[in-house]
Amino acid sequence: MHGRMVSWDRALDTVARGFKRTIDRHGPDSVAFYVSGQLLTEDYYAANKLMKGFIGSGNIDTNSRLCMAAAVVAHTQAFGGDYVPGCYEDLDIADLVVMSGHNAAWTHPVLYRRMESARARGQRHVVIDPRRTDTADAADLHLPISPQSDVRLWNGLLADLIRTGAIDHGYVAAHVSGFEKTVAALGDADQSPAAIAADCGIEEALLQRFYAMFAATARTVSLFSMGANQSAQGVAKGLAILNAHLATGRIGKPGACPFSITGQPNAMGGREAGGMANTLAAHMGFDPDSIDRVGRFWSTPNVARKPGLKAIDMFEAIHDGRIKAVWIMATNPAVSLPNSTRVREALARCPLVVVSDCMAGTDTMAFAHVKLPALAWGEKDGTVTNSERCISRQRSFMPAPGRARADWRIIADIARRMGHGDAFNWRGPADIFREYARLTAYENSDRLLDLSSLIALSDEEYDELEPVQWPLRRREGQKRLFVDGCFPTADGRARMIAVHPRGPAEPLTPRYPFALNTGRIRDQWHTMTRTALAPALCRHAPEPYVEIHPQDAASVGVVDGRLACIETARGQAIVVAQLSDRQQRGALFMPMHWSDALAPSGRANAATSGSIDPASGQPEFKHTPARIYGYRETWTGFCISRDALTPPKNAAIVWRRIPQPHAHLHEFAGRGDDAERDLVHRVVSRGAIGECLRYEDPGTSSLREAYIDGGRLQRVIFRGPRLPPREWLVAAFAEEAISDTVRRWVLHGRAPDVVQDTSHLVCACAAVTARAIGAAISDGACDIESIGRTTSAGMTCGSCRPQIHRLLAEALAEDKRNAA
């Protein structure tokens, strides 16, 4: 607390007193909670009950706002509630899977691998994505549409279904409203395939092939994820997808549904419990009946009367002083929110910032006045809900470290200190779950979320609870929603809603002519606060980068492997350029993961737009107008040390830290003079002890040092125009006692008789490189299974399997060319 270690009692007293004093002086809307899809449902329920039930404000929102909010609103408008109609089994039996803005091979590798057996029997995949991802590479059809043309594409599909007679008029007549208005709205634009293809930036033949596949395939699942949701048009994109399924009756049937796929482990549980600012609790909204019902259930007169501030608006309110106390739980908004520099300004201005997390060193934690140690995933006990509405027990398999506590317990302890003890007097997560289950069933005549059969679980039955899928009142074995065509709307019908294509919220300009798209990479999660602790996960993409088409790179002077500056109206990032024809011309891609701890200049969200979808409040991450140019560094260097080092403050240095198995690799570059280089040297050599081996060439500003202490290599520092590959030096840190070979050659950076594998990592699970896979192919491995048996690559999570397929195809093509 304020940089001092204190007791739990003192920390909790301080938080409770600070929130209560703020509420007394400025009202309940002067405080806020910002929570996370990494909380368990019991944690979510406790936080939501405290904020909306007893503080009396709707100001609790979740980082799921950044992921799934658009889908939530689309579901609610079309189905009458936030209901995902399908189940994972549908992906097994579908004949066509359309992935819209979904790089499933990287973001859902286990689910993607599950579909491999379906592909073996003939299931086809269509990928709609501006980028040629690994998922797109492996698909039967890839539609590389122009950014933000999704609505045009899906509206065109609906028009084509009408034109070709593929509408299920019987289903529409019995179960759907709004069809005629939606069809009429299509007349506002030219729906010819040629016009649609031109607007979407794709070949007409590709467009017509997709439309024909969709029309002819009754068992079609449309998976949509971040590429559709993370947009200022996210709700419209979701509704356009739902319209195509409702018009064809492809919902509530085996192998046929629109399927919004979530990313975080408990995004769904948070949505159910009420963790979003625009919902009250248990799929109830802020209508008078629900407010009265929840107030009576919680025995409180203080239930919030209106929705709270959604994430972007919440941090704006912190910035302008309307919110004066915020509690952030299990998330890192200083990195993950768009326009993150403004988010940091907001946190720096806020009189009281409380952060509870399992990680002490996050960028957000740096702004905390009170830091509360919470449990990590393997230490938690409670429940989560997945994308198919299946509730599973999360059982701890590790003891709580140090003084860390469960989130629900921290929340309850503060609630008691604020005077609400009787309402938060839970003995454990089972008590919370039973209360939550009772709320879902309370006066419930029409809500599908009803866990009444779980209300009476004993503690032992809760501990042993097997996965269970809601709604629990369905017929035995029925896994899908809306099987009978009945929807929880006033007339029992689903609603088709006309949506219109719109241009980007921020159009490109001569100053900012590129469209910046941000997203995930294969082996990292969110802001890398935990995944970066595993060096193996840092090898596939070791540092932040920007992907750009080679022709675009040539036009702006960007060189492959050199640093590039990406600049927008919000800010800038400096990262390594990767030239790739997998990227569209006129577009850039940057991963969103890096933070101050690993790459202070590489934070993508320092540059992203912050435009929001007006209906859902979901921010835009897929289209920010940008410019790019070469950074033109004049000097570079690296340092490998056993400890993580901190970059120099207030220096214009591009610094990246890459965790290694036995050390940390620090890469740095600058454009300054000898004084700048000397400053960096003082930083990276500070604390180095032992014998120093040194080489210096002032004429080229080259410097090489190696520090040896206790018979072990402790640190190496290299600077100059010609730097060696890092692999041999990194491997030298694994030696418990420095060998004669390493001592002799360490300043060279490599031994002359050692052939180091510098090819890129393919399989992080088994640490298999492209070179090793190539060797297996040369030795006769002819398919992915035989490569797996030889190298173990692709046999665990499976996220590398598309890349292995590509390497195999390239090798076979090369063999054919050589044979010819």
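# Salt bridges and one-sided helices

Asp 24 is exposed, at 58% relative accessible area (exposed means over 50%, buried under 20% and partly exposed in between, with a 1.4 Å probe and protein chains only). This is a predicted model, so local features need a pLDDT of at least 70 and side-chain atom pairs 80 or more, while totals for chains, interfaces and linings use all residues. Residues are numbered from 1 along each chain as its sequence is written, and side-chain values use heavy atoms, leaving out hydrogens and water. Here's a quick tour of some charged pairs, followed by two helices.

**A salt bridge inside one helix**

- Opposite charges on side chains can pair up when the charged atoms get close.
- The structure holds 57 salt bridges (a side-chain nitrogen of Lys or Arg within 4 Å of a carboxyl oxygen of Asp or Glu).
- Asp 24 has one with Lys 20, at 3.6 Å from N to O.
- Both residues sit in helix H1, residues 8-26, and they are four residues apart, about one turn of the helix (helices are DSSP H or I runs of at least four residues, strands E runs of at least two, both numbered from the N terminus).
- Lys 20 comes out as partly exposed, at 37% relative accessibility, whereas its partner Asp 24 is exposed.

**Salt bridges between distant parts of the sequence**

- Glu 435 and Lys 49 make a salt bridge, with their closest N and O atoms 2.7 Å apart.
- Glu 435 belongs to helix H21 (residues 429-441) and Lys 49 to helix H2 (residues 41-55), so this pair ties together parts 386 residues apart in sequence.
- Both partners are tucked away: Glu 435 is buried at 9% relative accessibility, and Lys 49 is buried at 3%.
- Asp 596 and Arg 344 pair up too, their closest N and O atoms being 2.8 Å apart.
- Asp 596 lies in the loop between strands E20 (587-591) and E21 (624-630), while Arg 344 lies in helix H19 (residues 340-349), so the salt bridge links parts 252 residues apart in sequence.
- Here Asp 596 is partly exposed, with 31% relative accessible area, but Arg 344 is buried, with 12%.
- Elsewhere, salt bridges with shared partners join Arg 132, Asp 134, Asp 137, Asp 581, Arg 582 and Arg 806 into one network.

**Helix H6**

- H6 covers residues 109-120, and its 12 residues reach 17 Å from first C-alpha to last, close to the expected 16 Å (1.5 Å times one less than the number of residues).
- Pro 109, Leu 111, Tyr 112, Met 115 and Ala 118 are the buried ones to look for in H6.
- Those buried residues take up an arc of only 150° around the axis, which puts them on the same side of H6 (the arc is that of the directions from the helix axis to the C-beta atoms).
- Flip to the face turned away from that buried side and you'll find the exposed residues Val 110, Ser 117 and Ala 120.
- After H6 comes Gly 122, which has a positive phi, near 120°.

**Helix H10**

- In H10, residues 179-186, the buried residues are Phe 179, Thr 182, Ala 185 and Leu 186.
- Looking down the axis of H10, you'd see these buried residues fall within an arc of 130°, so they line one face of the helix.
- Glu 180, Lys 181 and Ala 184 are exposed, on the face of H10 turned away from its buried side.
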